[in-house]
Amino acid sequence: MNSGGDSVSFYIKTNRSFTLFRRYAWLLAILIGIGGQFVPALGLLVPFIMAALIGMSLFKGKYWCGNYCPHGSFFDNLLQPLSRYGKIPAILRSRPLIAAVLLFFIYNMTARFFAVYGAMGTAEFYERLGFIFANTYLMVLLVGGLLAVVINPRTWCQFCPMGTMQTAFYRLGKALDLTGRFDEKVVVEHPELCHSCAKCARVCPIQLTPYLGFSENYRFEDERCIRCNTCVKNCPAGILHLAGDRLAEALHKEVSLEGFDRARYYKARINSIGELHDDIREYTFELLEPSHMPYEPGQFVLVEIEKSRQMYRAYTISGSGSDNSEIRVTVKRLPDGYGTNLLFNNFREGDLLTLKGPLGRELRVNLESEELLFIANGIGITPFVSVVQSVFDRQDYEFVGKADLLYGARYEEDLVYDDYLESTAAENSNFGYHKILSKPRTAQYRKGYVTDILQEMDDPLPGAKVYICGTPKMAADAQKILLAKGALPENIYYENFGV
Ligand SMILES: Cc1cc2nc3c(=O)[nH]c(=O)nc-3n(C[C@H](O)[C@H](O)[C@H](O)COP(=O)(O)OP(=O)(O)OC[C@H]3O[C@@H](n4cnc5c(N)ncnc54)[C@H](O)[C@@H]3O)c2cc1C
Ligand code: SF4
Ligand code: SF4
């Protein structure tokens, strides 16, 4: 099986500068590396920097590299946009190379130090010493910078001698029991909440794979982790944290697995692939082993899209056979999406694959509520298809409350399941279906966003339950309007698709 649509990159360029220092620390690298060529005394800052990073590593591993390193800031901020952003070759991450670079660094610095040693105590000694350090800083700017552009921004960091020394001192710190409460690691709230989407690996500057490496106590223990927080900020499930032991324990105690506790792995076959639109397909999976997946409308499954990486994608169950021996998902292809291009290009009817489910708690609807409000835009409509079915298409139960669905899309053809929703609204006077297009091609549709409709609606009843699925911006705007209209925050539920 080839990579995501052949042309789609696995690794994703993202912002990594979450503090002002990280954004601008590269100025220090330029000052010392280039300024030091003219004012060698600037190079004398380097021993202090080295002392700081080694001191810090005793307590916090490679925290310096991800948060304070001026070269790291240079690679991430200035060179990342220019970088080809490829995979870092295994040889550059290998132990022999790391050891060889460290030995060369020690030999080189020692030899150069002895060359100026004779002038010890004089102004010339300090000038020449400063020059040695400034040159070393410049060399990293040049070599590291070249590798950053040609391969990946943090290529140098794989074998940087300062990084290797930090790892050695970190081990010493652990042996001396210094790390304790200072040592923050990437922690997952619970592995069962993970979607195995690999986003944490795709954004990691060091190209580590946190989702495949959580220890028994849910920590990512890889010593190469530079604690940069990038995976934490990008995890679509919001389940990663950079935490010391105390916070990690508290997270584990508080976490709820409700909605995730009945998930199992299923062997499945793709029974049919339906085209709903150029870029939207409906996949029906026959469940082979186990043969039935009991689920609640609004829940999702994970679909394995790449075996070698154990990588899955989350898709809401948009329907199923009456005995749950088949389930259906609706997928929108993203032009630069890795997984959707794999699904669209490589998966065929009859193919076998693994699913995991059912999962999710946010969009499981409380049918006892007098008023239900569903708000969707784009592909966020998928959970509400099975939800509407479960509310209005049941023989054993009649929903007596009132339900409204607000559905926003871009063009007419993007309104998937429109016929079904229209007919359900025609048959049920207590179901209001309101659609709106941001770029209608005809005058038949209202132009605008779901939030425009929401704004005009009556205030929700005090106990009304609101379920939102769509883009983060729409969800944020909708929540603002709902709160202003008196909806209770605990009655608003939102599933973030992360796209
Ligand atoms: C609970 C849940 C339910 C979901 N249900 C559905 C559903 O029913 N139907 C559905 O279609 N989707 C659903 N999703 C979204 C789905 O899981 C995938 O995220 C989606 O299909 C995109 O996957 P992808 O691998 O193609 O995109 P990815 O490659 O993961 O891309 C995700 C985003 O990152 C951007 N990106 C990707 N590569 C790069 C790059 N190199 N540089 C910069 N930006 C980049 C993309 O533009 C996109 O916006 C759901 C998600 C969740 C969490
Ligand atoms: S980014 Fe995806 S794979 Fe990584 S921890 Fe979050 S949900 Fe799991
Ligand atoms: S695992 Fe996370 S915190 Fe560690 S280096 Fe990778 S992105 Fe940064």
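**View 1. Four domains make up the assignment for this predicted model.** Domain 1 covers 20–175 and domain 2 covers 184–254. Domain 3 follows at 264–359, and domain 4 spans 371–496.

**View 2. Domain 2 meets domain 3.** The centres of the two domains, taken over C-alpha atoms, are 26 Å apart. Five residues of domain 2 are in contact with seven residues of domain 3. On the domain 2 side, three of the touching residues are nonpolar and two are polar. No charged residue belongs to that side.

**View 3. Ligand 1 lies between domain 3 and domain 4, because both give residues to its shell.** Domain 3 is the 264–359 segment and domain 4 the 371–496 segment. The shell holds 27 residues. Closest to ligand 1 are Gly337, Tyr338, Gly339, Thr340 and Thr382. Three elements each supply two or more shell residues: strand E7 (311–320), strand E8 (326–332) and helix H12 (338–346). By class, 12 residues of the shell are nonpolar, 10 are polar and five are charged.

**View 4. Cysteines are among the residues nearest to ligand 2.** The surroundings of ligand 2 comprise 15 residues. Cys194, Cys197, Cys200, Tyr211 and Cys235 come nearest. The shell around ligand 2 divides into 12 nonpolar residues, two polar residues and one charged residue.

**View 5. Cysteines are also among the residues nearest to ligand 3.** Around ligand 3 there are 15 residues. Those that come nearest are Cys204, Cys225, Cys228, Thr230 and Cys231. In the shell around ligand 3, 11 residues are nonpolar, three are polar and one is charged.

**View 6. Helix H5 crosses helix H7.** H5 runs over residues 70–79 and H7 over residues 123–150. Their axes come within 10 Å and cross at roughly 40 degrees. H5 and H7 are therefore oblique to each other. The crossing of H5 past H7 is right-handed.

**View 7. Side by side: the residues that join H5 and H7.** From H5 come His71, Phe74, Phe75 and Leu79. In H7 they meet Val140, Leu141, Gly144, Gly145, Ala148 and Val149. Seven residues of this contact are nonpolar and three are polar. The contact of H5 with H7 has no charged residue.

Note on methods: Residues are numbered from 1 along each chain as its sequence is written. Chains are lettered from A and ligands numbered from 1 in the order in which they are written. This is a predicted model: local features need pLDDT of at least 70, side-chain atom pairs count only at pLDDT 80 or more; totals for chains, interfaces and linings use all residues. A residue is near a molecule or strand if its C-beta atom, placed from the backbone, lies within 6 Å of it. Helices (H or I, at least four residues) and strands (E, at least two) are DSSP runs, numbered from the N terminus. Ala, Val, Leu, Ile, Met, Phe, Trp, Tyr, Cys and Pro count as nonpolar, Asp, Glu, Lys and Arg as charged, and the others, Gly among them, as polar. Domain bounds come from an automatic or database domain assignment. Axes are lines fitted to C-alpha atoms, for helices over the stretch in contact, and angles run from 0 to 180 degrees between N-to-C directions. Angles under 35 degrees count as roughly parallel, over 145 as roughly antiparallel, 65 to 115 as roughly perpendicular and the rest as oblique. A crossing is left-handed if the near helix is turned anticlockwise from the far one by less than a right angle, and right-handed if clockwise. Two residues are in contact if their C-beta atoms, placed from the backbone, lie within 7 Å.
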